[in-house]
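Reader: I'm new to reading structures. Could you walk me through this one, please?

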Amino acid sequence: MASYLLKRVAMMLPLMVGITVITFAVIHLAPGEPIDKMTDLNPKISAQAKQKMREMYHLDKPLPVQYALWFERFVRLDFGNSFSPDNRPVLGKIMERMPVTLFINVSSLAVIFLLAIPLGVISATRPRSMFDRATTLFVFVGFSTPGFWLSLLAMIFFGVQLGWLPISGIRSIDFRELSSWEKFLDYLRHLTLPILLSSLTSLTFLSRITRQNMLEVIRQDYITTARAKGCSEYSVVFHHALRNALLPIVTIIGLSVPALIGGSVIFETVFSIPGMGMLFYESVMARDYPLVMGILVIGASLTLVGNLLADLSYALADPRIRYG
Amino acid sequence: MAEAGPRVGGRSASFASIVARRMLKNPFALWGGAVVVLLFLVAALAHFISPYDPSAVDTGIILRPPGAGHWLGTDELGRDVLSRMIYGARISLMVGFVSIGIATVIGVIIGAVSGYYGGMTDEIMMRFVDVMLTFPVFFLILAVIAILEPNIVNVMIVIGLTGWMGVARLVRAEFLSIKERDFVVAVRSIGQRDALIIFKHILPNAMAPVLVSATLGVAGAILTESALSFLGIGVQPPTPSWGSILTEGKNYIEFAWWLSLFPGLAILFTVLGYNLLGEALRDALDARIN
């Protein structure tokens, strides 16, 4: 297991380098220079000052040198300072926005896992039943619904019409006066809709995959054997079949991490949640390049970590890898 | 789709007729196909069937609810929502097809070269695919479009450039198995050029999964475009896109529900249509199911 872990982590290094190369390339696609926005619109900046800024950001050097310098700072986790008026370090800005995004995404993953697998299993054990047909319909509609649209409708229905849940932000105005327990509940009330809505797409997709995997596993000889030796149907489904059907699902959950993080732009913008997705949207609109680069790299790194965790749980569940 | 030619995926005509028969028997395929055909007609005939000019402003009838004259109501500038949605169908269709066309071409070339040549070429290309897959794609799309310039051409190109990885993996897997087959060994032994073997002999046999993934891909691209337009960095006004009608309607959602409901439903049904069609196609092309 230790050697597997080492190999698996070593595989991440070239990917990390690749991530930085693509991020760097994307930013330098832009016509003109990253500092143009700061200099061109500012009449007070002289040509001399502009030249100084170019030197400060190493824009006077060839691209590969610029990349090398940026990469060297990146290794020290120095993403530079934001172009925005506060001029704060990029890493600090990202770190203060990350917890709420991670909380929403991890909760969504939990919702996805807890709902998708039972849905898929029940559908697979009763193929073509009413339940199976209803779930299939739900899966297709859920998978085809634009998340931002459903969020708007949910906001209006649960927030405005019924008044059950708050429709924006992450805390109420009287947050300071609440006890810790009430604070927790307050967060939860604000985050319920974003969490449920952001889990919908992956949830439907995953329950479909679970159903397909279960149907395939149930056709296997060892399931017939388990039934033949007199196992109860419950034991056949949950002990013999599900365990094997779950393996590929763990990997797919890992693969859904980038979609969840990407989706956070939409859900955080709709619900005005000050997380990483909203920060990214703001930084992109303001062409705050250091911040855009920082979030791209950190977003991709989160995916790497998600995939690593998925692969490790796969290894733990699959004896062929655990002892291999 | 599948019944279009006498040869599907290079297999014999009888396979094509089996696929066609399976599609016609599948209610998913029929519903999905109906939606897709309807959408094509609406987009093609937009000029003739739309009751008003989609950008005709009439301040006398702003935010009029659905009723006679304006079946789906009017927006904040008094424009007819139905007419704007009919023209919006063109945008969705164009974005879906052009971006997935780009993604499919890139994916097929990278997957084919990777699978056919193997070795170092394969290793490098597949690591590139891995890197691309670690990015939250929506972040990447957002960054590139905002940096370049938000317009429909860039939207299509960027969705295409960030959506080819799945196709590449599919095609590579097909190539890995097909290139070992006897007929490939045979054409190679008579000294055919690699390009000819790849595109004429192997590729037609590897197209079935590509067709499925492209159909599902169109659905995804339409969703992405609508999300981008919703965030204001997709199709720019005054061009009507379903996503941008939604954005404009967002501010009036509490009293002008029709601006938010109808474009969303249009996106939902279109995407659903392509997803149903894609799934039906997958089942029909699956040789294991009889």
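Reader: What pattern does chain A follow along the sequence, and how many helices are there?

Author: Happy to help, and please keep in mind that this is a predicted model. Read along the sequence, chain A goes α-α-α-α-α-α-α-α-α-α-α-α-α-α. There are zero strands, and the number of helices is 14.

Reader: What percentage of the residues of chain A count as buried?

Author: Start with the extent of the chain: its C-alpha atoms fill a box of roughly 85 × 55 × 40 Å along the principal axes. Among its contacts with a separation of 6 or more, 71% join residues 24 or more positions apart. Chain A has 324 residues, and the share that counts as buried is 34%.

Reader: How many charged residues are on the side of chain A that touches chain B?

Author: Let's build up to that. In this pairing, 37 residues of chain A are in contact with 35 residues of chain B. Helices of chain A that each supply at least two residues to that side include H1 (2-27), H6 (130-144) and H13 (289-317). The residues of that side divide into 29 nonpolar and eight polar, and the number of charged ones is no residues at all.

Reader: Which residue of chain A is among those that touch the most other members of the largest nonpolar core?

Author: That core has 145 residues, and B:Phe139 is one of those touching the most other members. Leaving aside neighbours within four places in sequence, B:Phe139 is in contact with several residues of chain A, including A:Gly262, A:Phe280 and A:Ile295. From chain A, the name listed among those touching the most other core members is A:Ile295.

Note on methods. Residues numbered from 1 in each chain as written. Chains lettered and ligands numbered in written order. Predicted model: local features only at pLDDT ≥ 70, side-chain atom pairs only at ≥ 80, totals over all residues. Contact = placed C-beta atoms within 7 Å. Helix = DSSP H or I, 4+ residues; strand = E, 2+ residues; numbered from the N terminus. Nonpolar A, V, L, I, M, F, W, Y, C, P; charged D, E, K, R; others polar. Buried ≥ 20, exposed ≤ 12 C-beta atoms within 10 Å, placed from the backbone. Core = buried A, V, L, I, M, F, W, Y, C linked by C-beta atoms within 7 Å.
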